[in-house]
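Reader: I am new to this structure and would like to be taken through it. May I ask short questions as I go?
Author: Please do; the structure is shown here for reference.

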Amino acid sequence: LERLRQDNTLLYGRLRYAAQHTDRKVFPDEELDARYGSAFEDSVNPFTEFHRRVKESQLQQLSVPERITLTASRALLSHRYGRLCCFVYSLAMHLLVLLTMYKMAHSAHAR
């Protein structure tokens, strides 16, 4: 699948080059242009590969618990409902602590 994506990106680059030397519009489909255009720009940009290698090396420098935490947080927070669940959980924990402190303060005051 990755090889097919690379081939399509390379073909997009060739079509784009051909379109620059003719006065025709080669990409009538905007979705196709958007999908492969960004992939082609990333493959041409030398900084993209550099940033990918830097991220990989930083990830390798993390300890195992840090990698597990990073992977779990990326998986959980990358989806809308995951973020919503984290927010609701955090809110519930704050309310629990607040109510516990309130109850302890008033029960100690009543003695």
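Author: One definition should come before the rest: accessible areas come from the Shrake-Rupley method with a 1.4 Å probe. The model itself is predicted.

Reader: About how much area does the protein chain expose?
Author: The protein chain exposes about 10,100 Å², and carbon and sulfur atoms supply 64% of that area.

Reader: And what share of the residues is buried?
Author: Of the 111 residues in the protein chain, 8% are buried.

Reader: How many helices and strands are there?
Author: The protein chain has five helices and zero strands. Read from the N terminus, the order of elements is α-α-α-α-α.

Reader: Which residues make the nonpolar surface patch?
Author: Y81, L84, F87, V88, L91, L95 and L98 make it, and the patch covers about 740 Å².

Reader: Where is F87 found, then?
Author: F87 belongs to helix α5, which spans residues 80–110.

Reader: Is F87 buried or exposed?
Author: F87 has a relative accessible area of 52%, so it is exposed. The cut-off used here is that exposed means over 50%.

Reader: What sits over the ring of Y81?
Author: The charged end of R80 does, at 5.8 Å from the centre of the ring. Y81 is also one of the residues of the nonpolar patch.

Reader: How many aromatic pairs does the structure hold?
Author: The structure holds zero aromatic pairs.

Reader: A change of topic: how many disulfides does a search of the whole structure find?
Author: The search finds zero disulfides. C85 is in no disulfide, and its nearest cysteine sulfur, that of C86, is 7.2 Å away. C86 is likewise in no disulfide, with the sulfur of C85 as its nearest cysteine sulfur at 7.2 Å.

Reader: Why does that distance rule out a disulfide between C85 and C86?
Author: The sulfur of C86 is 7.2 Å from that of C85, whereas a disulfide is a pair of cysteine sulfur atoms within 2.5 Å, so C85 and C86 do not count as one.

Reader: How accessible is C85?
Author: C85 has a relative accessibility of 51%, so it counts as exposed. C86, at 27% relative accessibility, counts as partly exposed.

Reader: Where does C86 lie?
Author: C86 lies in helix α5. C86 and L76 are ten residues apart in sequence, and their C-alpha atoms are 8.3 Å apart in space.

Reader: Now to charges: how many salt bridges does the structure hold?
Author: The structure holds two salt bridges. As background, side chains of opposite charge can pair when their charged atoms come close.

Reader: Which helix holds R3 and D7?
Author: Both lie in helix α1, residues 2–20, and they are four residues apart, about one turn of the helix. The side chains of R3 and D7 meet in a salt bridge at 3.7 Å, N to O.

Reader: How accessible are they?
Author: R3 is exposed, with a relative accessible area of 56%. D7 is partly exposed, at 34%.

Reader: What about R52 and E56?
Author: Their side chains meet in a salt bridge at 2.4 Å, N to O. R52 and E56 are four residues apart in helix α3, residues 46–61, so about one helical turn separates them.

Reader: Are R52 and E56 exposed or partly exposed?
Author: R52 is partly exposed, with a relative accessible area of 39%. E56 is partly exposed, with a relative accessible area of 42%.

Notes. Residues numbered from 1 in each chain as written. Predicted model: local features only at pLDDT ≥ 70, side-chain atom pairs only at ≥ 80, totals over all residues. Heavy atoms only, no water. Phe/Tyr/Trp six-rings, centres within 6.5 Å; stacked < 30°, edge-to-face > 60°. Lys NZ or Arg CZ within 6 Å of the ring centre and 35° of its normal. Helix = DSSP H or I, 4+ residues; strand = E, 2+ residues; numbered from the N terminus. Buried < 20%, exposed > 50% of the residue type's maximum accessible area, 1.4 Å probe, protein only. Patch = residues over 30% accessible without salt bridge, like charges linked within 9 Å, V, L, I, M, F, W, Y side chains within 5 Å. Salt bridge = Lys/Arg side-chain N within 4 Å of Asp/Glu carboxyl O.
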